[in-house]
Protein chains: 2
Amino acid sequence: MPYSIGQVATQTGITEYTLRFYDKAGLLPFVKRNAAGRRQFSSADVDFINLISCLKDTGMSLAEIKNFVDMSLAGDVTLPQRLALFKRQQQAVRQQIQDAETRLAKLDHKVRFFQAACDAGSEAAVTGQCVLPVVPAAAETPDHSA
Amino acid sequence: MPYSIGQVATQTGITEYTLRFYDKAGLLPFVKRNAAGRRQFSSADVDFINLISCLKDTGMSLAEIKNFVDMSLAGDVTLPQRLALFKRQQQAVRQQIQDAETRLAKLDHKVRFFQAACDAGSEAAVTGQCVLPVVPAAAETPDHSA
DNA sequence: CCTTGACTTAGAGGCTACTCTAAGTCTTAT
DNA sequence: ATAAGACTTAGAGTAGCCTCTAAGTCAAGG
């Protein structure tokens, strides 16, 4: 028992507009139509759409995803390429996590800085305790601007 | 000794175009000009630009960053708001890391699936061992397509 | 003086990924 | 039969973020 586009939109949280957009873009070549030309999604289709969402969230562009879809349609010959693609994406996500952790550390630093500044009631009071400068402080230099 | 826009571009990896774009967008109101109207970046400016990069990488929009810049210029009154902003962004990044880990697990699963499929030489051979279906398999159903 | 090259501006163009409108078709219930 | 509501298409519009062009200014070297 197939699903309509509206039902899939509800299930996946992707709007009908976007689903049609993906279809137009060649990301959903497997979706069947009924006699009236309406899309009929199987639950395997829905699962695949969720996979697309997942890939997109890892930072894969629609073009790359289309590439993967095309490979999938091409059959078993492309298995090694698809394996390679997922390994690459795996690495990419690992890198993303590392980068995010680096940024988190910077944010932690900032939070400590602003906590101290808030407690002290002024930024100038804690400047110098923080490596990351905030706006060339109006408080720090006597100011000789125009 | 101040830096030119070209030097800052080299140092930060942000193109001159983008730096000017950021300036136009009000993200760099602190950058001074020389008599000829050319931008002169201090090293504090460069540090701040790196902070902007960092915030952008955490998913903050330029509009939000502008908001932060404006608050910084407004002085110590906005310290609590800035603290709150960084705390929010900290939480956002923690969430991003969690989400990335969830996706990484899915990718790991996919890699295992395709590794098995590659070893077996066909997708059909390992289908059913994987929750995430790949394209409504040409291999699984007898196929009655056009 | 004149060229080279780094800078200035305003504004046009481009890319990705939607998001929506318009006009029309199909399905279902009353 | 007809009205409501979910669907169809092509194509225009939007948002965010650059990216570049054109035309001009300025400083230093030959």
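Me: How confident is the prediction for chain A, taken as an average pLDDT?

Reply: This is a predicted model, and chain A averages a pLDDT of 88. Of its residues, 87% score at least 70.

Me: Where in chain A is there a stretch with pLDDT below 50?

Reply: Here is the general idea to keep in mind. Predicted coordinates should not be read in detail where pLDDT is low. In chain A, residues 130–146 have a pLDDT below 50. That stretch does have 26 contacts in the model beyond near neighbours in sequence, but the caution applies there.

Me: And which helices of chain A have the lowest and the highest confidence?

Reply: Helix 3 of chain A (residues 43–57) is the lowest, at a mean of 95. Helix 2 of chain A (residues 16–24) is the highest, at 98.

Me: Let's look at helices, then. How do I check the span of helix 5 of chain B?

Reply: Take a rise of 1.5 Å a residue and compare the expected span with the distance between the end C-alpha atoms. Helix 5 of chain B has 42 residues and should therefore span 62 Å. Its end C-alpha atoms are 61 Å apart, which agrees. After this helix comes B:G121, with a positive phi near 85°.

Me: What does the same check give for helix 3 of chain B?

Reply: Helix 3 of chain B (residues 43–57) has 15 residues. From its first C-alpha to its last it reaches 21 Å, close to the 21 Å expected. The residue B:G59, which follows this helix, also has a positive phi, near 95°.

Me: Which residues of helix 3 of chain B are buried?

Reply: A general point helps here. An α-helix has 3.6 residues a turn, so residues three or four places apart point the same way. Now the case itself: the buried residues of helix 3 of chain B are B:D45, B:V46, B:F48, B:I49, B:L51, B:I52, B:C54 and B:L55.

Me: What do those buried residues of helix 3 of chain B pack against?

Reply: They pack against elements of both chains. Chain A provides helix 5. From chain B come helix 1 (5–12), helix 2 (16–24), strand 2 (39–40), helix 4 (62–74) and helix 5 (79–120).

Me: Can we try single residues? Is B:Q90 buried or exposed?

Reply: B:Q90 has a relative accessible area of 10%, and buried means under 20%, so B:Q90 is buried. Its place is in helix 5 of chain B. Leaving aside neighbours within four places in sequence, B:Q90 is in contact with A:L104, A:L107, A:D108 and A:V111.

Me: Where does A:T78 lie, and is A:T78 buried or exposed?

Reply: A:T78 lies in the loop between helix 4 (62–74) and helix 5 (79–120) of chain A. At 8% relative accessibility, A:T78 counts as buried. The side chain of A:T78 reaches the backbone oxygen of A:G75 at 2.8 Å. Not counting residues up to four places away in sequence, A:T78 touches A:M71 and A:S72.

Me: Now the DNA. Which residues are closest to DNA strand C?

Reply: DNA strand C is surrounded by 19 residues, the closest being A:F21, A:Y22, B:S4, B:R20 and B:R39. To read such a surface, ask which part of the DNA is approached. Of the strand C atoms within 4 Å of the protein, 68% belong to sugar or phosphate and the rest to bases.

Me: Which atoms of DNA strand C do the side chains of A:Y22, B:E16 and A:R38 approach?

Reply: A polar side-chain atom of A:Y22 lies 2.5 Å from a phosphate oxygen of DNA strand C. For B:E16, a polar side-chain atom is 3.0 Å from a phosphate oxygen of that strand. In the case of A:R38, a side-chain N or O atom is 3.2 Å from a base oxygen of DNA strand C. Helix 2 of chain A gives the most to the surface near this strand, with four residues.

Me: What about DNA strand D: which residues come nearest?

Reply: Of the 19 residues around DNA strand D, the nearest are A:S4, A:R20, A:R39, B:F21 and B:Y22. Sugar and phosphate make up 66% of the strand D atoms that come within 4 Å of the protein. The side chain of A:R20 has an N or O atom 3.1 Å from a phosphate oxygen of DNA strand D, while a polar backbone atom of A:R39 is 2.7 Å from a phosphate oxygen of that strand. Helix 2 of chain B gives the largest share of this surface, four residues.

Key:
Residues are numbered from 1 along each chain as its sequence is written. Chains are lettered from A and ligands numbered from 1 in the order in which they are written. This is a predicted model: local features need pLDDT of at least 70, side-chain atom pairs count only at pLDDT 80 or more; totals for chains, interfaces and linings use all residues. Side-chain values use heavy atoms; hydrogens and water are left out. Helices (H or I, at least four residues) and strands (E, at least two) are DSSP runs, numbered from the N terminus. Buried means under 20% relative accessible area, exposed over 50%, partly exposed in between (1.4 Å probe, protein chains only). A polar contact is a pair of N or O atoms within 3.5 Å; within protein, one must be able to donate a hydrogen and the other to accept it, and residues adjacent in sequence count only if both atoms are side-chain atoms. Contact means heavy atoms within 4.5 Å. pLDDT is the predictor's confidence in each residue, from 0 to 100. The expected span of a helix is 1.5 Å times one less than its number of residues. A residue is near a molecule or strand if one of its heavy atoms lies within 4 Å of it.
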